[in-house]
Amino acid sequence: MRVRNLGILAHVDAGKTTLTERILYVTGATHKRGEVHDGTTITDFDQQERDRGITIFAAAVTCDWAEHRLNLIDTPGHVDFSDEVERSLRVLDGAVAVFDGVAGVEPQSEAVWRAADRYGVPRIAFVNKLDRAGASLSAAVASIAERLEVVPLVVQLPLGEEGSFRGVVDLVNRRTLTWDAGELSESSDISSSALTARRHLEEQVAALHPAALEELGDISDTTLRRALRDLSLSGQAVVVLCGSAYRNKGIEPLLDAIVDYLPAPTGNAEQDLAALVFKVHTARTGRLTYLRVYEGTLTKGDTVWDAGAGRTERIARILRVQADRHTEIDRATAGDIVAVAGVKAAQVGAMLATRRNPVLLEAARITDPLVSVAVEARSRPDALRLPRALAALAEEDPSLTVRMDAETGQTLLSGLGELHLEVAVEKLRQRTGLAVTMGRPQVAYRETVRHGVTGLLYRHVKQDGGSGQYAHVVLDVAPGDGFTFGSTVTGGRVPAEYVRAVEAGCRETLAEGPLGGHPVVGLRVTLTDGQTHPKDSSEMAFRAAGRFGLRTALRACVMELLEPVAEVTVSAPAETLGAVLGDLAARRGQVTDSGVRAVTAVVPLAELFGYSTQLLSRTHGRGTFTSRPAGYRPAA
């Protein structure tokens, strides 16, 4: 059976999970339509997802359509769980980007679109919720073209508007599709305006595709479909469909488009195994490791090699995944997405392969934590169990980090936002039964070099009897991009292996800066000179010199504290925007765009804790906002 591996991507509340539920129902994978508001969906199976009404964890499901197996991943839409989306994108061949027919392209829609660009994932677009008041396909398409900088190729027109929306006109196959009580009806009758739209679509495609250009004036349906597929796969354009997932309208033609326009996985079942770990889930029943098989065949009972960790793993069971339900299978081949039991230590991003032909991929991109909370156990027995439980959380979600505060002795859990940390701590309680408390959230500050120093000399000399330690380094420190290290030492005064040791020591120093123990970013360190001892110099000595030398240099630099900021877009009634603007100013926000009913500002993340409650108060319960990380800026 042919395969499509795809994800559903969108901003929170655009209708991803509802669309996934309708796909499962239409394809016969389920026999009852689940609803987000009832907490009965297949993919939002976690109790927190059902309680909160949002997708938190990427969930994989499988269904069949038109002699194709669709391996589908429903991804989160909230910005706090953007790394979960990134991890899913690594294993997808294609995606459906869902847009709200009223709101169009929203901030997280744009963020996941850019992420898909980075991973080269072809997409088709589905404009959802056309049954809602204020919905407009043309406005949504205009926002796709403007904000995503892509050519939208509209292949469907809506029949009816808002509450009267009843179906779509299929411009490619020149037919009309309507749904009555969920039943699909098809007609070959289309209006003159639809034929005009078809000609416009042909002209758009011909301008981008040579085969379509040759037939311009009378492009066949077959040529048009082939051209649309080529343009989708190359990323030159995006095919746009429309409908209402909640009202069960537009699902069947979307499934056809998935088969027609999104790519099949490449790979050969006869090659040596290459499988990527993209998700780890630890439950009371054991550890499940989710894999995408790129090459070869994985069979139950196989022993595989984790080249990154340098260890073997045994595959006890292979499972076809349906959210939180699983069906055991004997083997998985190139193109499959499955879960396996028995793998004990492979981390997210690990490649499982054969020992004779190990495969390594570039490490996954992990967003730096922005917010931290103190987590404390209420009893001595729970305190003893807490470190292992937190380590299990961080293993499942690499965007969570755990560390001990050297000054307070508290255990700090860091993540991408308040909601991210709330979900993690609640997951800890539900899974382990630990009684823990969570402190008030604190933002993750950074320190950077504003004015550097040159010629900082540091000597590391230690003599405890026997072999001593000797290392002499001279460092220049200047503002830079990220962290860069270089050496201008000549004449072999510092051997190459000692230079590498100095760099390693400098990197260790970056964890704690002189202002408040925050990570240091934005500097360039240059080793300009040094001196060795014929007996007492070693890599360990020069590593220590790099560590303590940079620490001394940073104390001599003019340092600057950086705080994380977020781009916030607030929508509110026009008569309340004055109050909204005043509140944003009080929160040290810098307004970048202001309209009749919406305002966008860059606001320090520390000022946004509890903002949703204040916004509702100032807008009489009618204001909403979205936010996304916007980097760091000097703290006021």
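Which residues is S414 in contact with, once its neighbours within four places in sequence are left aside? In this predicted model, the answer is P369, V371, S372, S399, L400, T401 and L421. S414 itself belongs to strand β24, which covers residues 411-415. With a relative accessibility of 5%, S414 falls under the 20% limit and therefore counts as buried. One of its contacts deserves a second look: the side chains of S414 and S372 are joined by a polar contact of 2.6 Å.

A word on confidence is helpful before going further. The mean pLDDT of the protein is 90, and 96% of the residues score at least 70. Among the elements, strand β11 (residues 237-242) has the highest mean pLDDT, 98, whereas helix α2 (residues 47-52) has the lowest, 68.

Turning to the nonpolar interior, the largest core has 46 residues, and L19, V96, I124, V205, L228 and I258 are those with the most contacts inside it. Helix α9, spanning residues 251-261, gives the most to this core, contributing seven residues. L19 offers a good view of how the core is put together: leaving out residues up to four places away in sequence, L19 touches I8, V96, V98, F126, A245, I251 and L254. A second core is separate from this one; it has 31 residues, including L370, L390, V436 and L577.

Two buried residues in helices add to the picture. K16 lies in helix α1 (residues 16-26). The relative accessible area of K16 is 5%, under the 20% limit, so this lysine is buried. Apart from neighbours within four places in sequence, K16 is in contact with I8, L9, A10 and H11, and also with D74, T75, P76 and G77. I8 is thus touched by both K16 and L19. Between the C-alpha atoms of K16 and R450, which are 434 residues apart along the chain, the separation is 45 Å. The other residue, T223, is found in helix α8 (residues 221-234). At a relative accessibility of 8%, again under 20%, T223 counts as buried. Its contacts, not counting residues up to four places away in sequence, are A211, A212 and E215.

Further along the chain there is a sheet to explore. Four strands form this open sheet in the order β28-β29-β32-β30, with mixed pairing. The edges are taken by β28 (453-462) and β30 (483-487); each has a single partner strand, so one side of each is left without a neighbour in the sheet. On average, neighbouring strands are turned by 25 degrees against each other, direction ignored. The edge strand β30 runs parallel to β32 (residues 523-531), and five bridges join the two. In one of these pairings, T484 has R524 in β32 as its bridge partner.

Helices accompany this sheet as well. Helix α12 (residues 496-509) packs on the sheet and touches β29 (469-479), β30 and β32. The direction of helix α12 makes about 155 degrees with that of β30. Helix α13 (residues 539-556) lies across β28, β29 and β32, and runs at about 40 degrees to β29. Strands β29 and β32 are therefore touched by helix α12 and also lie under the span of helix α13, where contact means heavy atoms within 4.5 Å.

Methods:
Residues numbered from 1 in each chain as written. Predicted model: local features only at pLDDT ≥ 70, side-chain atom pairs only at ≥ 80, totals over all residues. Heavy atoms only, no water. Core = buried A, V, L, I, M, F, W, Y, C linked by side-chain atoms within 4.5 Å. Buried < 20%, exposed > 50% of the residue type's maximum accessible area, 1.4 Å probe, protein only. Polar contact = N/O pair within 3.5 Å; in protein donor to acceptor, adjacent residues only side chain to side chain. pLDDT = per-residue confidence, 0-100. Pairing = 2+ DSSP bridges. Axes fitted to C-alpha atoms, helices over the stretch in contact; angles between N-to-C directions.
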